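Visitor: I've got this one open on my screen and I'd like to know what the labels really rest on. Mind if I keep asking how you know?

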Amino acid sequence: MRLRLSTFAVSFAIGLLLAGSGAVAGAKEDVAAATTKWGHTVGQNDPDKVVLLYATDGVLWGTLSPKLRSDRAGLRDYFVAAFKALPGLNVSFGDQLIRVYGDTAVNTGYYTFSYGKDGETKTLPARYSFTFVKTGGNWMIVDHHSSAMPPPPRP
């Protein structure tokens with residue numbers, strides 16, 4: 001009896017560990033999907049849609065501005081200006097590192113913005129950090145930092 005109970009306890013513990021690791025993997029996939037959704041929404045060039053992906057207290061240090069945006073009106077103003085400065089804006093993501101801490105997640109990586117200017121396609125490589133908080137089943141952006149990729153160091 002004691003051996004069966006011990007075997008059951010070990011099996012139960014392993015099951016919990018496996019279930020827990022699956023939940024984290026699922027959360028990482030959800031955060032990756034929320035990041036992709038942000039990129040797709042930016043590609044629609046509609047600031048009102050992009051702003052809805054940020055929490056009401058979301059913060060943005062944008063690639064094109066030295067000014068911190070800490071409310072939805074500021075976020076909207078940033079994207080209105082960005083879509084004017086970079087017509088036909090699109091985003092493609094490179095490597096991402098996603099870490100999940102319960103209902104909070106951080107996605108750090110790089111992306112490349114592409115846009116049309118003077119009849120040519122231009123690119124702007126940048127690095128980013130998104131911090132998401134899960135609210136009502138949705139991963140909302142609470143902090144977003146983006147900066148242009150620096151040139152490689154000279155030898």
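The largest pocket

Guide: Let's start with the largest pocket: its lining residues split into 8 nonpolar, 2 polar and 2 charged. Bear in mind that this is a predicted model.

Visitor: Which residues line the largest pocket, and what makes some of them charged?

Guide: The lining is Asp-30, Ala-34, Lys-37, Trp-38, Leu-52, Leu-53, Phe-132, Gly-137, Asn-138, Trp-139, Met-140 and Ile-141. Asp, Glu, Lys and Arg count as charged, so Asp-30 and Lys-37 make up the charged part. Gly goes with the polar residues, which is why Gly-137 sits alongside Asn-138 in that class. Two elements, α1 (2-42) and β6, each give two or more residues to this lining. The volume of the largest pocket is about 190 Å³.

The cavity

Visitor: How many cavities of 30 Å³ or more does the structure hold, and what makes a space a cavity rather than a pocket?

Guide: There is 1. A cavity is space where a 1.4 Å probe fits but cannot get out, whereas a pocket is open. The volume of the largest cavity is about 120 Å³. Its lining has 15 residues, and Thr-63, Tyr-78, Phe-79, Leu-89 and Phe-113 lie nearest the centre. Elements that give it two or more residues are α3 (72-85), β4 (104-117) and β6 (138-148), with α3 giving the largest share, 3 residues.

Visitor: How do the residues of that lining divide into nonpolar, polar and charged?

Guide: 11 are nonpolar, 4 are polar and none is charged. Tyr counts as nonpolar, so Tyr-78 belongs with Phe-79 and Leu-89 in that group.

Ring pairs

Visitor: Why is the pair of Tyr-54 and Phe-79 called tilted?

Guide: It's one of 12 aromatic pairs in the structure. The ring centres of Tyr-54 and Phe-79 are 6.1 Å apart, with the planes at 50°. Pairing needs centres within 6.5 Å, so the distance passes; planes under 30 degrees apart would be stacked and over 60 edge-to-face, so 50° lands in between and the pair is tilted. Tyr-54 is in strand β1 and Phe-79 in helix α3, and the two are 25 residues apart. Both Tyr-54 and Phe-79 are buried.

Visitor: And what makes Phe-93 and Tyr-128 edge-to-face?

Guide: Their centres are 5.7 Å apart and their planes stand at 90°, which is over 60, so the pair counts as edge-to-face. This pair also links distant parts of the chain: Phe-93 comes from strand β3 (residues 90-101), Tyr-128 from strand β5 (residues 120-135), 35 residues away. Ring pairs also tie both into a cluster with Trp-38, Tyr-111, Phe-113, Phe-130 and Phe-132.

Visitor: Why does Tyr-128 count as buried, while Phe-93 is partly exposed?

Guide: Buried means under 20% relative accessible area, and Tyr-128 is at 2%, so it qualifies. Phe-93 is at 25%, past that cut-off but not over 50%, so it is partly exposed. Of the 155 residues of the chain, 33% count as buried.

A loop residue and its strands

Visitor: Where does Leu-64 lie, and why is Leu-64 called partly exposed?

Guide: Leu-64 is in the loop between β1 and β2. Its relative accessible area is 40%, between the 20% and 50% limits, so partly exposed is the right label. Leaving out residues up to four places away in sequence, Leu-64 touches Tyr-78, Ala-82, Leu-86 and Leu-124. From Leu-64 to Tyr-78 is 14 residues in sequence and 8.4 Å in space, C-alpha to C-alpha.

Visitor: How do you know that β1 and β2 pair?

Guide: Pairing takes at least two bridges, and 2 join β1 to β2, so they just qualify. These two strands run antiparallel, with Leu-60 bridged to Arg-69 in β2 and a hairpin of 6 residues joining them. Strand β1 (residues 54-61) also pairs with β6, in the parallel sense over 4 bridges; there, Val-59 has Asp-143 as its bridge partner.

Visitor: What order do the elements of the chain run in from the N terminus?

Guide: α-α-β-β-α-β-β-β-β, which adds up to 3 helices and 6 strands.

Definitions and conventions:
Residues numbered from 1 in each chain as written. Predicted model: local features only at pLDDT ≥ 70, side-chain atom pairs only at ≥ 80, totals over all residues. Heavy atoms only, no water. 1 Å grid on protein atoms, 1.4 Å probe; cavity = no way out; pocket = protein on both sides within 12 Å on 5 of 7 lines; lining within 4 Å. Points joined across faces, edges and corners; volume = space filled by probe spheres on them. Phe/Tyr/Trp six-rings, centres within 6.5 Å; stacked < 30°, edge-to-face > 60°. Buried < 20%, exposed > 50% of the residue type's maximum accessible area, 1.4 Å probe, protein only. Contact = heavy atoms within 4.5 Å.
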